[in-house]
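Please read this report alongside the sequence and the 3D view. It takes up a helix, a ligand and a cavity in turn.

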Amino acid sequence: MPYNNTRNNSSFRSRPNFNRSRSSSSKSRRQYIDPNKFIKTAKVTEAEVYIPKNKFVDFNVNEIIKTNLINMGYETPSPIQDQTISLALEGKDIVGIANTGTGKTAAFLVPVLNKLISDKSSRVIILAPTRELAEQIEDQTRLIAKGSGLFGAILIGGVSMQPQLSDLRKNPQIIIGTPGRVKDHIERRTLRIHDVNMLVLDEFDRMLDMGFIDDITEIINQTSTDRQSFFFSATMEGKVKVHIDKFSNNPAHIMVKTSDTSENVNQNVVNFSTKEDKIVKLHDILISEQVNKTLIFDDTHRNVEKLNDELRNRGFDSEAIHGGKSQAARQKALRNFKESKVKVLVATDVAARGIDVADITHVVNFSLPQTYDDYVHRIGRAGRAGRVGHALTFIEKRY
Ligand code: AMP
């Protein structure tokens, strides 16, 4: 994929079906969560004003990148960008503790792409847990690298290998992918990565949750030992820290302040007694005035489909995304939701991961999250950009 051209003639024309289901919804992860943890009033505090040390124009990076950032409307670096870019340009390994929405993508793309432009023998592998996130990274790569002549391939599962093979034959400097498909290519010897000297692992905690550690280890072990690595994770707890310590070299840790649950999300529960009662209560929520754009979580592909059908029958404009849908269908659903053509999106956790839709007012947990961490990820989709969001969790009444 040459970044001077439009997307049509590139490796990124391949938009996959989703048929690998490495879902994080395995029963064994289910945790009891005290329902009181789903109730909390949003704290509307003045957002702490971060004063960046740099502006994008101040960074010692290629003019093409600076121009592209300006064209993207990026003027002032976000906290994670401000700190990461300076240190990464010095060649340091980076561990960023930050979630989606903090600007972490550009935080690693700016230094990585800058190095690729200045040193044509450099190569990067960027791994992400889901196809959606890989594609969001690719979208930003395309914008930040526009006109640079860099070439990349996106290796995500569920599609024919052919377009990917054709891109790989051109020896791309940029590989963006999900661990399973990247490993497949390495095993088939269609991808050689011994000279990859930059590595990015995005949402590393999530990749571990999804059982990708063996694939990731195999991939990392084949890259150059003389490499610069970037890890982004929402937490640094337990095994996340152990693995990052193993794979990194004296990294700089950059923490973007996050609390254990979104402070600016009003959280409450909705008690229901029967299935019918549950759907009626959801209906009432969706027609209430303050509800604008709603993301509803349900647990399985089948339940997501069923609930979406039910809502459509009730006259709501809604869409569904889950791993059983083709990639094209998922993208269309997401686009319709982003562009407000539909106001309701029903999703599984995995499919919704990393989704960046700024104006979601409500998150509804129609099914309980598997873990409290999943809950935090879910409700973090509401109340973006400093707005107060709302999260409602359905709890079955017991007598
Ligand atoms: P991310 O956390 O990387 O997914 O980014 C979240 C959103 O913020 C994306 O829509 C980015 O395009 C946007 N964004 C990231 N950095 C900046 C910046 N410095 N200025 C304005 N928008 C930004």
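Does Asn-68 count as buried or exposed? The model is a predicted one, and in it Asn-68 has a relative accessibility of 8%. The limit for buried is under 20%, so Asn-68 counts as buried.

## Two residues of helix α1

Asn-68 is part of helix α1. Its side chain makes a polar contact with the backbone oxygen of Leu-143, at 3.4 Å.

Ile-70 lies in helix α1 too, which covers residues 63-71. Here the relative accessibility is 52%. The limit for exposed is over 50%, so Ile-70 counts as exposed. Along the chain, Ile-70 and Ile-144 are 74 residues apart, and 9.7 Å separates their C-alpha atoms.

## The ligand and its surroundings

The ligand is surrounded by 13 residues. Tyr-74, Gln-81, Gly-101, Gly-103 and Thr-105 are the closest of them. Sorted by class, this shell has nine polar, two nonpolar and two charged residues.

Which protein atoms make polar contacts with nitrogen atoms of the ligand? One is a polar side-chain atom of Gln-81, which lies 2.7 Å from a ligand nitrogen. Another is a polar backbone atom of Thr-76, with a distance of 3.0 Å to a nitrogen atom of the ligand. There is also a contact to oxygen: a polar backbone atom of Lys-104 is 3.3 Å from an oxygen atom of the ligand. On its own, the ligand has 500 Å² of accessible area, and the protein covers 72% of this.

## The second largest cavity

Rolling a probe the size of a water molecule over the atoms shows where empty space is left. In a search of the whole structure, two cavities of 30 Å³ or more were found. The second largest cavity holds about 60 Å³ of space.

Which residues line the second largest cavity? They are Arg-206, Phe-297, Asp-349, Ala-352, Arg-353, Asp-374, His-377, Arg-378 and Arg-381. Two elements, α13 (349-352) and α14 (372-379), each give two or more residues to this lining. Helix α14 supplies the largest share, three residues. By class, six of the lining residues are charged, two are nonpolar and one is polar.

How values were computed. Residues are numbered from 1 along each chain as its sequence is written. This is a predicted model: local features need pLDDT of at least 70, side-chain atom pairs count only at pLDDT 80 or more; totals for chains, interfaces and linings use all residues. Side-chain values use heavy atoms; hydrogens and water are left out. On a 1 Å grid over the protein atoms alone, a cavity is a set of points where a 1.4 Å probe fits but cannot get out, and a pocket is an open set with protein on both sides within 12 Å along at least five of seven lines; lining residues have an atom within 4 Å of a point. Grid points are joined across faces, edges and corners, and a volume is the space filled by probe spheres set on the points. Helices (H or I, at least four residues) and strands (E, at least two) are DSSP runs, numbered from the N terminus. Ala, Val, Leu, Ile, Met, Phe, Trp, Tyr, Cys and Pro count as nonpolar, Asp, Glu, Lys and Arg as charged, and the others, Gly among them, as polar. A residue is near a molecule or strand if one of its heavy atoms lies within 4 Å of it. A polar contact is a pair of N or O atoms within 3.5 Å; within protein, one must be able to donate a hydrogen and the other to accept it, and residues adjacent in sequence count only if both atoms are side-chain atoms. Accessible areas come from the Shrake-Rupley method with a 1.4 Å probe; for residues, only the protein chains shown count as cover. Buried means under 20% relative accessible area, exposed over 50%, partly exposed in between (1.4 Å probe, protein chains only).
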